[in-house]
Amino acid sequence: MFSKSKINEPGPKVDDTSAQKPVMPETSRPGSATEFKASAPKAKPAASILSSDLHITGNLKTTGDINVEGTVEGDIRAHLLTVGETATIKGEVVADDVVVNGRVVGRVRGLKVRLTATARVEGDIIHKTIAIESGAHFEGSVQRQDDPLNGGKAKPIAAAAPAPAASNG
């Protein structure tokens, strides 16, 4: 309250202005108003929610989070994808974190993939880490890759490189 009253006064004293100046440079000191605006978007926005009565035909792409409860016919790319129990996704799913509670028909790529007890996945899963709960239904193959989001093209190249070196030597 002491500093609040100083701020509210017009500032006939020199101490009032000096009290205000340290506050302003701290906020804008790192790089002016542009720096302050740049730090504002760093706050994580709320997840996008696709409700159970929503049917989407087309691809979805975001750097944020998506919570799907409806039906999506198309590919989804997100940071965190949560497939709700009532959801059906027909297409490829690519996300840092994938939590499947509902149905996915198509390939799943993720750094962390989790199939809960109510999950139904028909397609391949390419992951860095995976967790499959008891009761989950899964038909397809599971493949671990260090970088599953980029399609794993680095591994075949790395595997092909030693073969010519071995045949030459």
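At a relative accessibility of 6%, histidine 127 counts as buried, the term denoting under 20% relative accessible area, with over 50% taken as exposed and values in between as partly exposed (1.4 Å probe, protein chains only). The model is predicted, so local features need pLDDT of at least 70 and side-chain atom pairs count only at pLDDT 80 or more, whereas totals for chains, interfaces and linings use all residues. Residues are numbered from 1 along each chain as its sequence is written, and side-chain values use heavy atoms, with hydrogens and water left out.

Histidine 127 lies in strand β12, strands being DSSP runs of E with at least two residues, numbered from the N terminus. Its side chain reaches the backbone nitrogen of threonine 129 at 3.5 Å. With neighbours within four places in sequence set aside, histidine 127 is in contact (heavy atoms within 4.5 Å) with Gly110, Leu111, Val113, Val142, Gln143, Arg144, Gln145 and Pro148.

Strand β12 (residues 125-132) is joined to strand β10 (residues 108-115) by 7 bridges, and the two run parallel; strands are regarded as paired if DSSP finds at least two bridges between them. Within this pairing, glycine 110 stands opposite histidine 127. Strand β12 also pairs in the parallel sense with strand β14 (residues 142-144), over 3 bridges, and here isoleucine 126 is placed opposite glutamine 143.

An open sheet is formed by 6 strands in the order β2-β5-β7-β9-β11-β13, with parallel pairing. Strands β2 (55-57) and β13 (137-139) occupy the edges, each with a single partner strand, so one side of each is left without a neighbour in the sheet. The twist averages 5° from one strand to the next, where axes are lines fitted to C-alpha atoms and angles run from 0 to 180 degrees between N-to-C directions. At one edge, strand β11 (residues 120-122) runs parallel to β13 and is joined to that strand by 3 bridges; the bridge partner of glutamate 122 in β13 is glutamate 139.

The largest nonpolar core (a set of buried Ala, Val, Leu, Ile, Met, Phe, Trp, Tyr and Cys residues joined through side-chain atoms within 4.5 Å) has 23 residues, and those with the most contacts inside it are Val68, Leu81 and Ile89. At least two residues of this core are supplied by each of β4 (65-68), β6 (76-83), β8 (93-100) and β10. Leucine 81 touches Ile66, Val68, Ile76, Ile89, Val93, Ala95, Asp97, Val98 and Val99, residues up to four places away in sequence not being counted.

Key: Helix = DSSP H or I, 4+ residues; strand = E, 2+ residues; numbered from the N terminus. Polar contact = N/O pair within 3.5 Å; in protein donor to acceptor, adjacent residues only side chain to side chain.
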